[in-house]
Amino acid sequence: MDKQRKSKYSYLRTFESGHIYIQSKAADKFGNWVNTSEKLTIVVSPPFWQSWWFITLSILLIASLIYILFRYRTREIERSYKLQLVDFENDSTSKSDEPSFYL
């Protein structure tokens, strides 16, 4: 390779969402540079977790899970109170059926 020939590289490690414009100029194998340059436009979309539809679905999913857990817990407490009430009523009716010796 010719030691006078220099190559310029541009590394893009992270892409932000939006438009990226790359302008390049080239030389042939004899080192003659072309007078015109080429412009390349790249459109980078944001990752799906930063899009509005993913954020909306995530919020709805979390709210739905909280609501389901709340309803499940309140139904369990309600069922527990009903069972305690039935047990209390059964105990009170069974005691009233027994004869009383201390009248």
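This briefing describes the fold, the aromatic contacts, the surface and the charged pairs of one protein chain.

The model is predicted, and its protein chain has 103 residues, of which 3% count as buried. One helix and two strands make up the elements of the chain, and read from the N terminus they follow the order β-β-α. Three aromatic pairs are present in the structure, and the count of salt bridges comes to two.

**Overall fold and surface**

- Strand 1 covers residues 18–24 and is followed by a loop that leads to strand 2, while strand 2 covers residues 38–44 and is joined by a further loop to helix 1, which spans 52–97.
- Among the contacts in the protein chain with a separation of 6 or more, 26% are accounted for by residues 24 or more positions apart.
- The accessible surface of the protein chain amounts to about 10800 Å², and carbon and sulfur atoms contribute 60% of that area.

**The loop between the strands**

- Asparagine 35 is placed in the loop between strand 1 and strand 2, where its relative accessibility of 74% makes it count as exposed.
- Although asparagine 35 and lysine 25 are ten residues apart along the chain, their C-alpha atoms are separated by 7.9 Å.
- Elsewhere, lysine 39 lies over the face of tyrosine 21, at a distance of 4.9 Å from the ring centre.

**Aromatic cluster and nonpolar patch**

- Phe48, Trp49, Trp53 and Phe54 are linked into a cluster by ring pairs, and phenylalanine 48 takes its place in the loop between strand 2 and helix 1.
- The structure holds three aromatic pairs; in one of them, the rings of phenylalanine 48 and phenylalanine 54 have centres 5.3 Å apart and planes at 90°, so this pair is edge-to-face.
- Tryptophan 53 and phenylalanine 54 also form an edge-to-face pair, because their ring planes stand at 90°, with the ring centres 6.1 Å apart.
- The rings of these two pairs are partly exposed: phenylalanine 48 has a relative accessible area of 46%, phenylalanine 54 has a relative accessibility of 28%, and tryptophan 53 has a relative accessibility of 41%.
- A nonpolar surface patch of about 770 Å² is formed by Phe48, Trp49, Trp52, Trp53, Leu57 and Leu60; phenylalanine 54 is at 28% relative accessibility, and patches are made of residues with over 30%, so phenylalanine 54 does not qualify as a member.

**Salt bridges in the helix**

- Side chains of opposite charge can pair when their charged atoms come close.
- Glutamate 76 and arginine 79 meet through their side chains in a salt bridge, with an N to O distance of 2.8 Å; both residues lie in helix 1, where they are three residues apart, or about one turn of the helix.
- Both partners of this bridge count as partly exposed, glutamate 76 at 26% relative accessibility and arginine 79 at 46%.
- Glutamate 78 forms a salt bridge with lysine 82, and the closest N and O atoms of this pair are 3.7 Å apart.
- Because glutamate 78 and lysine 82 are four residues apart in helix 1, about one helical turn separates them, and glutamate 78 is partly exposed with a relative accessible area of 47%.

Methods: Residues numbered from 1 in each chain as written. Predicted model: local features only at pLDDT ≥ 70, side-chain atom pairs only at ≥ 80, totals over all residues. Heavy atoms only, no water. Phe/Tyr/Trp six-rings, centres within 6.5 Å; stacked < 30°, edge-to-face > 60°. Buried < 20%, exposed > 50% of the residue type's maximum accessible area, 1.4 Å probe, protein only. Lys NZ or Arg CZ within 6 Å of the ring centre and 35° of its normal. Patch = residues over 30% accessible without salt bridge, like charges linked within 9 Å, V, L, I, M, F, W, Y side chains within 5 Å. Areas by Shrake-Rupley, 256 points an atom, 1.4 Å probe, with all protein chains shown as cover. Salt bridge = Lys/Arg side-chain N within 4 Å of Asp/Glu carboxyl O. Contact = heavy atoms within 4.5 Å.
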